[in-house]
Amino acid sequence: MVDRGKIEEAVRLLLEGIGEDADREGLRDTPERVSRMYEEIFGGMETSAKEHLSKTFTAENNEMIVEKDILFHSTCEHHIMPFYGKVHIAYIPDGKVVGISKLARTVEVFARRLQIQEKMTAQIADSIMENLNPRGVMVMVQAEHMCMTMRGIKKPGSRTVTVVARGEFETNSELKNLFFNMVNS
Ligand code: ZN
């Protein structure tokens, strides 16, 4: 469970730490506001992908399914700053499929935590492997990291791309290329 009292205390200290007057009008309610916001943006810690991926349907065929441009917002665990962008997911069913919205829900489960992009990409792929037992899964995440763009290390708009392949996608480069073509079309 999120401990809002602790967060409020910490935010107050943070404000003092940067030299602010935590009691001035504009900041008076900030610790409380941040704690409420954190409850939401880190709410993924209290959910599991299984909740969304356990309700499956029988696949009519086992053709590749691609869900692209799933928008997400997450928080980088190194700087507690947002990173956000798109997730593209493909899987080749082995008899079982899920409703399309469940893939977006699964992304949310892992995005609403302190994260690193590589780990989130793998967690999405692995949760689909575990729950649907498909022949293969491929996940690509394209994201802009505020901890980089705000500090001028990278220009705004520059994106970090991570890709994870599981099952048949790992060994079959034709399938991989099909995925890349579909994502880029
Ligand atoms: Zn960062």
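This report describes the overall build of one protein chain, then helix α6 and the residue Thr 30.

The coordinates come from a predicted model. The protein chain holds nine helices and seven strands, and its C-alpha trace spans about 60 × 35 × 20 Å along the principal axes. Of contacts between residues at least 6 apart in sequence, 69% join residues at least 24 apart. The charged side chains comprise 24 positive and 28 negative ones, with the centres of the two sets 3 Å apart.

The table collects values for the whole chain.

| Property of the protein chain | Value |
|---|---|
| Buried residues | 38% of 185 residues |
| Exposed area | about 10,600 Å² |
| Part of the exposed area from carbon and sulfur atoms | 51% |

Helix α6 covers residues 117–132, and its 16 residues reach 23 Å from the first C-alpha to the last, which is close to the 22 Å expected at 1.5 Å a residue. The buried residues of α6 include Met 120, Ile 124, Ile 128 and Leu 132, as well as polar ones such as Gln 117, Gln 123 and Asn 131. In an α-helix there are 3.6 residues a turn, so residues three or four places apart point the same way. After α6 comes Asn 133, which has a positive phi near 45°.

Thr 30 belongs to helix α3, which runs over residues 30–41. Thr 30 counts as buried because its relative accessible area of 15% falls under the 20% cut-off. A polar atom of the Thr 30 side chain lies 3.4 Å from the backbone oxygen of Gly 26.

Definitions and conventions: Residues are numbered from 1 along each chain as its sequence is written. This is a predicted model: local features need pLDDT of at least 70, side-chain atom pairs count only at pLDDT 80 or more; totals for chains, interfaces and linings use all residues. Side-chain values use heavy atoms; hydrogens and water are left out. Helices (H or I, at least four residues) and strands (E, at least two) are DSSP runs, numbered from the N terminus. Buried means under 20% relative accessible area, exposed over 50%, partly exposed in between (1.4 Å probe, protein chains only). A polar contact is a pair of N or O atoms within 3.5 Å; within protein, one must be able to donate a hydrogen and the other to accept it, and residues adjacent in sequence count only if both atoms are side-chain atoms. Contact means heavy atoms within 4.5 Å. Accessible areas come from the Shrake-Rupley method with a 1.4 Å probe; for residues, only the protein chains shown count as cover. Lys and Arg count as positive and Asp and Glu as negative; His and the chain ends are not counted. The place of a charge is taken as NZ of Lys, CZ of Arg, CG of Asp or CD of Glu. The expected span of a helix is 1.5 Å times one less than its number of residues.
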